Amino acid sequence: MTDYTTFRGEVRAFLDEALTPDLRRAGLLTTSVFSDFGAALKWHKKLHRQGWVAPDWPEEFGGPGWDIQQRYIFQEECKLANAPSLVMMGIQMLGPMLMHYGTAAQKEFYLPRMLSGEHIWCQGYSEPGAGSDLAALKTTARREDDVYVVTGTKIWTSMAQHANQIFCLVRTDKDVKPQAGISFLLIDLDIPGITVTPIVSLDGKVEQCQVFFDEVRVPASHLVSKENDGWSVAKFLLEFERGGHNFTIDVKKQLKKIRHQAAITPWGTGHRGEDPVFQHRLAEAEIDAIALEQTELRIKGAVEAGGNPGALSSLVKVVGTELGQRLNELAIDVVGPAAGPMSLEALEPGYSGPMVVPEHALTTMAEYINNRASTIYGGTAEIQRTIIARKVLGL
Ligand SMILES: Cc1cc2nc3c(=O)[nH]c(=O)nc-3n(C[C@H](O)[C@H](O)[C@H](O)COP(=O)(O)OP(=O)(O)OC[C@H]3O[C@@H](n4cnc5c(N)ncnc54)[C@H](O)[C@@H]3O)c2cc1C
């Protein structure tokens, strides 16, 4: 029987030592799901040396062999200690899918490189005109002897500017129903014919790109599963994208930050934490956070018992992201005018120049703006509500 208190102590001891001030600063200044890339890669490599970079993977593929509770504790401690976030498309999404669908050669080649950080993956699903309606995708792959020739474009590809690999859904048959003509390809981003164009977001940062493919020749051995079986592979992978996140941990961190911001923001002769209107809004959010945590625990219980989270993961995605956005609004309200100016350079971990925005409000506006996207990516809130209506409520 695992002693979780001892385990938490071990994790804390490791984090105390391994999280150097520059890494903690990068974690503290994270305003989206991605931290500064250099810091994320450094942290990835440290976790790899410790054997902890892929907490969810089975031991036979290089995971630490933790149960679900240990994995939760690890994630929680990392978040609260301000560890940088890792680029997760490889380890969290592609890895578990390859363990299931990959050939022996694909597993042997790709999995160790994901663990070591040699391969950084991005996800090439969405296209202009194929987001919620993903099966409408048009990027084509034409088979010629032992290669697929890929032409088309992918958009909103997170971290493509740093990645060296992309997993893509491509159309291999136009004459069947849309879902039946899709295949799943693993593509090296360094091969000829690929252009990556950055997209500048509302917060002034680049986290997404558009990727163009012009007659790109991909070895046929990079096909996952069978030709035209890509829809099943894609859906299997999406379960790891949607089910792999613990929203409660993010929300707990946001709540901790807001309580601190309120405690140091003047209000009348006291501080904002004494404002009954603020206290009411905070209490409402805290109650919702408890309900969210209970639902996430139900999912964990189901998974531990060998089940599948199913449509419950749509429920926590909607509630978790919308609660996160409410807390962003509350944080803006608490810090007041200090949230106004957005100081992009001061959000760089190595910045040491003059500060326009006070430290306690430094990330508030950028977090608010960036997090508007959380109810879009990973399946929009409207689409999740339809899933809940159909599969949870039976409407
Ligand atoms: C920050 C960010 C990061 C992303 N990262 C990636 C990535 O790394 N890789 C990747 O492949 N994609 C990525 N995406 C793309 C993301 O998956 C899509 O944006 C998402 O699926 C929505 O598709 P869309 O943008 O085409 O919007 P649309 O599907 O055109 O939707 C527009 C609006 O219509 C609504 N709508 C659409 N269909 C329905 C319906 N049937 N019923 C009710 N309402 C509907 C939607 O909810 C939305 O409000 C990212 C997106 C963002 C914003």
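How many helices and strands are there in the protein?

1. The protein has twelve helices and ten strands. These are DSSP runs numbered from the N terminus: helices are H or I of at least four residues, strands E of at least two. This is a predicted model; local features need pLDDT of at least 70, side-chain atom pairs count only at pLDDT 80 or more, and totals for chains, interfaces and linings use all residues. Residues are numbered from 1 along each chain as its sequence is written.

2. Of the 395 residues, 36% count as buried (20 or more other C-beta atoms within 10 Å of the residue's own, C-beta atoms being placed from the backbone). The C-alpha atoms fill a box of roughly 75 × 50 × 50 Å along the principal axes.

3. An automatic or database assignment sets the domain bounds. It gives domain 1 (4-86), domain 2 (121-230) and domain 3 (245-392). The C-alpha centres of domain 1 and domain 2 lie 30 Å apart. Their contact (C-beta atoms, placed from the backbone, within 7 Å) takes four residues from each of the two domains.

4. Now the ligand. It is surrounded by 18 residues (C-beta atom, placed from the backbone, within 6 Å). The closest are Tyr125, Gly131, Ser132, Thr380 and Glu382. Domain 2 and domain 3 each give at least three residues to this shell. β1 (121-124), β3 (147-158) and α12 (381-392) each supply at least two.

5. The shell around the ligand has seven nonpolar, ten polar and one charged residue. Here Ala, Val, Leu, Ile, Met, Phe, Trp, Tyr, Cys and Pro count as nonpolar, Asp, Glu, Lys and Arg as charged, and the others, Gly among them, as polar.

Key:
Buried ≥ 20, exposed ≤ 12 C-beta atoms within 10 Å, placed from the backbone.
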